[in-house]
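Please consider the structure shown below. The explanation after it proceeds from whole chains to single residues.

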Amino acid sequence: MNQTIRSSRAMMIRGLLTIRRLPSAFFPSLAMPVFTMIAFAGTYFAITKIPGFPTDRSVNWFLPLGISFGSAFSGIGMGFSTIRDIETGFYDRLRMSPTSRLSLITGPLFTAWIRSLMLCAFVIPFGVALGARFTGGLLGILALVVASLGISTISLGWGLGLAYRFRDMRGAAVMQLTMFIVLYLSTAQMPLPLLQGWLHAVARVNPVTNILRLAREGLVNTTSPDYLSWNNTWGGLLAIVIMATLTLIFAGRGLRTLDK
Amino acid sequence: MSVLAMSDHTEVTPHSFGLAVRQTVAMAKRSTLEIFRQPALVAPSMIFPIFFAALGASSFGKTTDLPGFPKVDSFLQFSIAATVVQGVLFGSVTGAAALATDIQNGFFDRLLLSPTTRTGILIGRLAGSAIFGALQAAFFIAVLWPFGGTIESGFIGIAIMVVSGGIVALAIGALMSSVAIRTGSAEAVQGAFPLLFVLLFFSSAFFPRETMTGAYRKIADFNPISHLVEGMRELVLSGYTTSALMKAILIPTAVCIASILFAQTELRRRLAAK
């Protein structure tokens, strides 16, 4: 167990050093959430005037979306790094080293969490400067950070699983595309009661809708039914636990496939 | 150096003009075929705009009653113009990336060493993008039509939008080709792609300008993409008008002339450096 923790820590440090050595790979994951937040909040400024919209500030609605996208890509980014390591042969050396297989997944997972926290630390103040207000106070920020960590865990499991199976950059496109689509087919842009047609049906069963509700519960109006409460929290937590478990199992099985 | 310089100063005769046209057509044919031979490269620029149109129609269906929103049958009808411009903008990067690949793998140098018109190399490459852009516009209009994406200006409006799609592709393709010629790197061309994304988002492509406020509204007011999309949107929502024609054709034409001149300057600079 100690060895697993030590190896995970070493893998995590290696992942974090990549940020310093290859900032061009990390910068987009910071810039993209800020761009998403500004662009969406500016373009769709007027949607807050629709009766039943849960907040009167568009930036409140789109700040969690930006962070969710960024967190998803922080997890997927570890999938990209793994593909690069597999292609260069470095991953074979890691697999041959006398260490726990688990650390090959937990190490990148810790890196993805730290990247996700860095993202929150950067984007939340930016959002506040643009006018975002946490109606739920510190608990609201906590809910957003938990959702962000959850999304990065899910995307990491998915990214690693695909990296182990594809073993080349074709996997990177599949990772991005699938995460992008799953996030969009939810309440990414509008609240569930205001969605129409096929998207309403899809978003209702998409677990990401619950995670976004958790992320946004501290930013909506206090009079909104989606405001900070246990009822708006447990669904998101459950969705994170189930999806993270499934994607991490997917990654673990992929690693065994790689060993064979 | 002398060969390259000589071909730039060759006297143009009717015979050499005809030859230059034939060479340009041959290169246009090559670049067009290249696009269709790599469906995986162009598929995203065909699929994603349709996906976003479908997503927007279901997401923002209830926004059409907002103050400042133009009179529309559906949000899908409102988003046709944005779908066309979005697809064409993204698709036009493919041609420039292919040009950069030609530079990277040495094919561009072989073209330069052959007795070929220099302008033809550039125009031939861009013609492929323009043809693809026009086809994209026609494709988006045809796909969205059965779902309520009717064009009030009828056939003439569709024709203008298709032509506009071709000119936009030519303009953006030329701009991106400047990057390709300057850097000789397909990665640099792909790296410039997010700028198009920013340009598109900071415009009235996805939502009416009348509903925007503050600095965002001011940026959208200055952004030529806003006026281009609004020209096409006028054709979709209100029928044919001279102002719609002007916006849909003249704006991309002006950008096109400027960007082709810029690309040619870059090409001359590259030749001079050889």
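The paragraphs that follow treat each chain in turn, then the nonpolar core, a helix pair and two individual residues.

The model is predicted, and its local features are restricted to residues with a pLDDT of at least 70. Chain A contains 10 helices and zero strands. Read from the N terminus, its elements follow the order α-α-α-α-α-α-α-α-α-α. Its radius of gyration is 19 Å, close to the 18 Å expected from the globule rule for 260 residues, so chain A is as compact as a globular protein of that length. The C-alpha trace of chain A extends over about 60 × 35 × 35 Å along its principal axes. Of the 260 residues in chain A, 50% are buried. Among the contacts in chain A with a separation of 6 or more, 79% involve residues 24 or more positions apart.

Chain B has 11 helices and zero strands. From the N terminus on, its elements run α-α-α-α-α-α-α-α-α-α-α. For its 274 residues, a compact globule would have a radius of gyration near 19 Å, and the value of 20 Å for chain B agrees with this. Along the principal axes, the C-alpha trace of chain B spans about 65 × 35 × 35 Å. In chain B, 46% of the 274 residues count as buried. Contacts between residues at least 6 apart in sequence are joined, in 81% of cases in chain B, by residues at least 24 apart.

The next topic is the interior. The largest nonpolar core has 148 residues, and the residues with the most contacts inside it are I211(A), V84(B), V85(B), A96(B), A171(B), V189(B) and M232(B). Helix α4 of chain B, residues 75-104, provides the largest share of this core, with 17 residues. M232(B) illustrates the contacts that arise beyond four places in sequence: its partners are A81(B), V84(B), V85(B), M161(B), S164(B) and A248(B).

How do the axes of α4(B) and α6(B) lie, and at what angle do these helices pack? The angle between α4(B) and helix α6 of chain B, residues 118-144, is about 155°, and their axes are 9 Å apart. Angles over 145 degrees count as roughly antiparallel, and α4(B) is therefore roughly antiparallel to α6(B). The crossing in which α4(B) passes α6(B) is right-handed. On the α4(B) side, the residues making the contact include L76(B), I80(B), V84(B), G87(B), G91(B) and G95(B). On the α6(B) side, they include L126(B), G128(B), S129(B), F132(B), G133(B) and A137(B). V84(B) thus recurs: it belongs to this helix contact, is in contact with M232(B), and is listed among the core residues with the most contacts.

Two single residues complete the account. R167(A) lies in the loop between α6 (137-166) and α7 (170-184) of chain A. Its phi is near 65°, a positive value in a residue other than glycine. Most residues other than glycine have a negative phi. R167(A) has 17 other C-beta atoms within 10 Å and is therefore partly exposed.

In chain B, I219(B) is located in helix α9, residues 214-222. I219(B) counts as partly exposed because it has 15 C-beta neighbours inside 10 Å, whereas a buried residue would need 20 or more. The C-alpha atoms of I219(B) and F197(B) are separated by 14 Å, and these two residues are 22 apart along the chain.

How values were computed:
Residues numbered from 1 in each chain as written. Chains lettered and ligands numbered in written order. Predicted model: local features only at pLDDT ≥ 70, side-chain atom pairs only at ≥ 80, totals over all residues. Helix = DSSP H or I, 4+ residues; strand = E, 2+ residues; numbered from the N terminus. Buried ≥ 20, exposed ≤ 12 C-beta atoms within 10 Å, placed from the backbone. Rg over C-alpha atoms; globule rule 2.2 N^0.38 Å. Contact = placed C-beta atoms within 7 Å. Core = buried A, V, L, I, M, F, W, Y, C linked by C-beta atoms within 7 Å. Axes fitted to C-alpha atoms, helices over the stretch in contact; angles between N-to-C directions. Parallel < 35°, antiparallel > 145°, perpendicular 65-115°, else oblique. Left-handed = near helix turned anticlockwise from the far one by under 90°.
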